[in-house]
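This briefing goes through one structure by topic. Please keep the sequence and the 3D view open while reading.

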Amino acid sequence: MFTMTVRTRIAPSPTGSPHIGTAYIALFNYAFARKNGGQFILRIEDTDQSRSTRESEQEILDALNWLGIPWDEGPDKGGPCGPYRQSERTAIYREHALSLVEKGKAYPCFCGEARLRELRRRQAEAGQDKLGYDGLCGGLDPAEAARRMRAGEPHVIRLRVPAEGECAFKDRFREEVRIPWNTIDHQVLLKSDGFPTYHLANVVDDHLMGITHVIRGEEWISSTPKHLLIYGAFGWTPPEFAHLPLLRNPDKSKLSKRKNPTSILYYRRAGYLPAALRNYLGLLAYSLPDGRERFSLDDMAATFDFSRVSLGGPIFDPQKLRAFNGAYIRGMAPGELMGECRKWMLNDDAWLKAISMAQPRLALLSDLVPMTAFLFSDRPGAAAADLAAACGGDAGLAAQRLKLAQWECEKSAAWNKDVARGIFDRIAGKENVKLKDLLRLFFLALSGAEVSLPIFDSMELLGRDMVVRRIQYALEALDAAGTPLKGKALKALSERYEAAYCAAQ
RNA sequence: GCUCCCAUCGUCUAUCGGUCAGGACACCAGGUUUUCAUCCUGGGAAGCGGAGUUCGACUCUCCGUGGGAGCGCCA
């Protein structure tokens with residue numbers, strides 16, 4: 001008798017810093033697969049050509065490796081269902097999309113961006129509840145559509161969605177979920193650049209990779225009908241779905257980097273222990289039958305049960321995570337802790353870099369540690385008044401420059417001193433200020449002192465995410481001192497930023 | 001606006017019809033410690049509202065209310 005083994009997956013998109021939410025979802029997928037003696041797969045969803053980067057992909061692997069959530073198959077280690085990177089599977093998606101067109105389950109759409117924008121505008125104006133594509137090209141004569149496709153007319157492939165009735169499916173965490181079909185858009189499956197959208201690629205890959213259980217964030221509930229429809233169109237048996245509650249900010253909104261550090265790499269750099277972070281993430285939506293709060297990955301995997309997952313959107317509480325981390329540290333033997341410190345930053349590799357920077361400024365060996373302390377800390381603690389003073393006493397200006405730099409750093413995939421230098425050169429140019437004058441603020445924000453070690457070398461050793469975090473600390477200090485950057489002012493700055501820094505060349 | 005999801009201390013949660021509603025973080029008080037931290041002890045702190053079902057509801061049903069998510073050629 002053929003028994004299907006449980007296969008789960010995490011399918012992150014390599015756009016930006018590896019997100020704490022990715023680790024959270026990965027953790028549950030891993031635990032469920034392990035509990036059932038199945039496999040856990042890592043698949044890279046890099047179908048967004050404009051935003052995906054190889055650097056980001058590597059960071060995801062590094063982050064998950066550091067966190068200690070191992071996968072059985074993935075782009076780095078291969079497996080029977082490869083390739084595990086969607087950009088290398090485009091032929092598969094194209095072929096599948098076309099087969100759907102042949103079956104009449106999908107159709108080519110020749111509507112350009114202009115028509116769609118106009119359509120959306122009209123719908124909004126009319127106060128229409130259901131926005132989205134009107135299905136115009138769905139009514140095209142198939143022969144005519146095929147002719148236009150062959151003629152090379154730009155087009156996308158859209159899914160044909162029933163106009164009436166509803167889609168009902170079972171979510172392993174809840175009761176049956178029912179969603180009316182008329183609220184589902186005629187989803188684009190294949191983009192005009194020939195790449196699939198998430199929806200197509202995701203379904204095709206989950207099927208081809210033998211995924212039996214899709215455990216993902218709650219944000220996907222409303223697009224599950226589309227996915228089910230695609231499975232049905234192919235004649236495939238869909239996997240089981242289980243939607244986890246989303247991690248939240250203190251104000252209950254979906255966890256965002258604006259209100260919390262969300263980069264796993266920041267937590268690594270700041271000195272959180274993988275075991276503590278894993279435990280905390282698990283605790284957010286899972287509890288052991290015996291009620292213990294301190295538990296290992298193995299504990300979670302051994303006891304894992306869908307019924308023990310709680311559904312209220314948990315607020316990610318940095319304070320409790322910190323307390324947890326402290327408890328882990330205090331629970332270790334000193335020798336063991338020393339090992340953790342070595343893995344972290346207290347090793348020859350990091351010290352050599354720090355020493356190289358400090359050497360020209362050193363008179364005594366004992367100057368070394370005080371001089372480099374900021375490289376090893378989390379928050380250097382720059383005072384708001386000093387930050388303002390570094391901008392000629394203008395706290396508002398300081399906040400704006402910090403924010404601009406933060407945005408620029410965040411979006412940079414590669415990171416080293418030259419990249420950092422480039423970013424600040426560019427800002428100095430756009431803001432019409434001398435680099436030297438601009439940098440005074442950042443010496444303070446990043447090192448806590450007005451004069452310090454070479455700043456770009458420091459930034460390299462600090463790492464992108466720690467730099468971003470320290471800028472955030474500085475912004476928080478200014479905010480606390482009565483110079484908030486939010487609401488209209490933030491929006492205005494953001495618009496100016498988009499126009500001046502992001503416009504296509 | 002429309003669709004869907006969710007709802008126990010400030011926060012994360014336990015409870016699967018009968019409990020003084022338990023634990024953890026945070027907070028407060030006390031104790032141990034040459035300081036601090038740790039550690040220990042104690043304290044305040046919760047079932048969103050209204051109908052039902054039931055001998056009995058935090059627990060089941062319905063209606064409100066509140067919060068969240070989704071509504072892209074992003075994932």
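A residue is near a molecule or strand if one of its heavy atoms lies within 4 Å of it. By that rule, 49 residues surround RNA strand B. The model is predicted: local features need pLDDT of at least 70, side-chain atom pairs count only at pLDDT 80 or more, and totals for chains, interfaces and linings use all residues. Residues are numbered from 1 along each chain as its sequence is written, chains are lettered from A and ligands numbered from 1 in the order in which they are written, and side-chain values use heavy atoms, with hydrogens and water left out.

**RNA contacts**

- The closest residues to RNA strand B are Thr47, Asp129, Lys191, Leu284 and Glu293.
- Of the atoms of RNA strand B that come within 4 Å of the protein, 78% belong to sugar and phosphate.
- The surface near RNA strand B has 18 nonpolar, 12 polar and 19 charged residues. Ala, Val, Leu, Ile, Met, Phe, Trp, Tyr, Cys and Pro count as nonpolar, Asp, Glu, Lys and Arg as charged, and the others, Gly among them, as polar.
- Helix H4 (113–125), strand S4 (156–159), strand S6 (176–180) and helix H11 (318–330) each supply at least two residues of this surface. Helices (H or I, at least four residues) and strands (E, at least two) are DSSP runs, numbered from the N terminus.
- An N or O atom in the side chain of Glu45 is 3.2 Å from a sugar or linking oxygen of RNA strand B.
- For Glu218, a polar side-chain atom lies 2.8 Å from a sugar or linking oxygen of the RNA strand.
- Lys320 reaches a base: a side-chain N or O atom is 2.9 Å from a base nitrogen of RNA strand B.

**Second largest pocket**

- The second largest pocket holds about 1,100 Å³ of space. On a 1 Å grid over the protein atoms alone, a pocket is an open set of points where a 1.4 Å probe fits, with protein on both sides within 12 Å along at least five of seven lines. Its volume is the space filled by probe spheres set on the points.
- The lining numbers 39 residues, each with an atom within 4 Å of a point. Arg268, Arg269, Ala270, Trp344 and Met345 lie nearest the pocket centre.
- By class, the lining has 20 nonpolar, six polar and 13 charged residues.
- Several helices each supply at least two lining residues, including H2 (54–67), H8 (264–270), H12 (334–344) and H20 (464–480).

**Overall fold**

- Chain A contains 21 helices and nine strands.
- The radius of gyration of chain A (over C-alpha atoms) is 26 Å, close to the 23 Å that the globule rule (2.2 Å times the number of residues to the power 0.38) gives for 505 residues, so chain A is as compact as a globular protein of that length.
- The C-alpha trace spans about 80 × 55 × 40 Å along its principal axes.
- Buried residues (under 20% relative accessible area, 1.4 Å probe, protein chains only) make up 50% of chain A.

**Helix H7 and Ser310**

- In H7 (residues 224–234), 10 of the 11 residues are buried, so H7 is largely enclosed by the rest of the structure.
- His227 lies in H7 and is buried, at 0% relative accessibility. Its side chain makes a polar contact with the side chain of Arg216 (2.8 Å). Within protein, such a contact is a pair of N or O atoms within 3.5 Å, one able to donate a hydrogen and the other to accept it; residues adjacent in sequence count only if both atoms are side-chain atoms.
- Gly235 follows H7, with a positive phi near 80°.
- Ser310 is in the loop between helix H10 (297–303) and H11. Ser310 is partly exposed (between 20% and 50%), at 37% relative accessibility.
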